[in-house]
Amino acid sequence: MSHSEEGGPGPVESLPAVAPQLRALRRRASLTLEAAARAAGLSPAHLSRLETGQRQPSLPMLLALARVYGTTVSELLGETVADRAAVVRGAETEPTRAGGWTYWQAGAPGRGMQALRVHVPFGPQADIVRVHPGEEWLYVLTGRLRLRLGDSTHLLGPGDSAHYDSLTPHRLAATDQDGADLLYVHTLLQSPRTALCLGLPPGEMP
């Protein structure tokens, strides 16, 4: 699997809305547990544990599930916004932590793209290979980031950016002990094509 399924923390305490939201949104998408898990690169047993609060999802897992369900990470976390305001105030945005990652919403929900400010921690929990339809764009604010795209490896520093087709197997990892901070934008595919999302185990990375 593309995610470390057995090494995550126990029941979700800091994100109490995650478990019921995951189940409700899967059902809204008319997906079985098996189909949703396969599309997100998880085992059915692990997705079941996420839905019952026995495991805490990492940010890459939440991103994968958001694509599969045609929604946003905010909705997966049970966050609601009164309207789709054009301006997002940084002072009003609370950080969310999931599986070692920290992120702040940087865009309004319900759009065709999702914008985040992300802190990528140092260590293997951030070193996850993903493959899915769509595009991703990132801009490094602080720290250094190792980006693997297919057969290529790129070391990015502050001010560097990358824009790529996310069907290319890709892996992000911070190379400094303090991690890396990014601006990150990805497309949300609100169509049956989300069923094409695949997880690629790290051992299969070229």
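Angles of 65 to 115 degrees between axes count as roughly perpendicular. With that range in mind, the tour of this predicted model opens at a pair of helices to which the cut-off applies.

**First stop: H3 against H4**

Select helix H3 (residues 44–51) together with helix H4 (59–69). Their axes come within 13 Å and cross at roughly 95°. H3 and H4 are therefore roughly perpendicular to each other. To display the contact, show the side chains of His 46, Leu 47, Leu 50 and Glu 51 on H3, and those of Met 61, Leu 65 and Tyr 69 on H4. Sorted by class, the contact of H3 with H4 comprises 5 nonpolar, 1 polar and 1 charged residues.

**Second stop: H1 against H3**

Keep H3 in view and add helix H1, which spans residues 18–28. H1 and H3 pack at an angle of about 125°, and their axes are 7 Å apart. That angle makes H1 oblique to H3. On the H1 side, the residues to select are Ala 19, Pro 20, Leu 22, Arg 23 and Arg 26; on the H3 side, they are Leu 47, Leu 50 and Glu 51. This contact of H1 with H3 divides into 5 nonpolar, no polar and 3 charged residues.

**Third stop: what H3 buries**

Which residues of H3 are buried? Colour His 46, Leu 47, Arg 49, Leu 50 and Glu 51 to see them. The elements covering these buried residues include H1, helix H2 (33–40) and H4. Moving just past the end of H3, select Gly 53, where phi is positive at about 80°.

**Fourth stop: the salt bridges**

The structure holds 4 salt bridges. Begin with Arg 26 and Glu 51, whose side chains meet in a salt bridge at 2.6 Å, N to O. Arg 26 belongs to helix H1 and Glu 51 to helix H3, so the pair ties together parts that are 25 residues apart in sequence. Are Arg 26 and Glu 51 buried or exposed? Both residues are buried. Adding Arg 23 to the selection displays a network of salt bridges that links Arg 23, Arg 26 and Glu 51.

Next, select Glu 136 and Arg 67, which form a salt bridge with the closest N and O atoms 3.3 Å apart. Glu 136 lies in strand S5 (residues 135–142) and Arg 67 in helix H4, so this pair joins parts that are 69 residues apart in sequence. Glu 136 has 1% relative accessibility and counts as buried. Arg 67, at 1% relative accessibility, counts as buried as well.

Then move to Asp 176 and Arg 144, a salt bridge in which the closest N and O atoms are 3.0 Å apart. The pair links distant parts of the chain, 32 residues apart. Asp 176 is in the loop between strand S9 (170–174) and strand S10 (180–187), while Arg 144 is in the loop between S5 and strand S6 (145–149). Asp 176 counts as partly exposed at 22% relative accessibility. Arg 144 counts as partly exposed at 38% relative accessibility.

**Fifth stop: strand S3 and its partners**

Select strand S3, residues 113–120. Of its 8 residues, 6 are buried, so S3 is largely enclosed by the rest of the structure. Add strand S2 (residues 101–105), which pairs with S3 in the antiparallel sense over 4 bridges. To locate one bridge of this pairing, pick Gln 105 and its partner in S3, Leu 116.

Now bring in S10. The pairing of S3 and S10 is antiparallel, over 8 bridges. Which residue of S10 is the bridge partner of Arg 117? Select Leu 183 to find that partner.

**Last stop: Ser 74**

Finish at helix H5 (residues 73–76), where Ser 74 is found. Ser 74 is buried, with a relative accessible area of 8%. As a final distance to display, draw a line from the C-alpha atom of Ser 74 to that of Ala 108. These two residues are 34 residues apart along the chain, and their C-alpha atoms are separated by 9.5 Å.

Note on methods: Residues are numbered from 1 along each chain as its sequence is written. This is a predicted model: local features need pLDDT of at least 70, side-chain atom pairs count only at pLDDT 80 or more; totals for chains, interfaces and linings use all residues. Side-chain values use heavy atoms; hydrogens and water are left out. Axes are lines fitted to C-alpha atoms, for helices over the stretch in contact, and angles run from 0 to 180 degrees between N-to-C directions. Helices (H or I, at least four residues) and strands (E, at least two) are DSSP runs, numbered from the N terminus. Angles under 35 degrees count as roughly parallel, over 145 as roughly antiparallel, 65 to 115 as roughly perpendicular and the rest as oblique. Contact means heavy atoms within 4.5 Å. Ala, Val, Leu, Ile, Met, Phe, Trp, Tyr, Cys and Pro count as nonpolar, Asp, Glu, Lys and Arg as charged, and the others, Gly among them, as polar. Buried means under 20% relative accessible area, exposed over 50%, partly exposed in between (1.4 Å probe, protein chains only). Two strands pair if DSSP finds at least two bridges between them.
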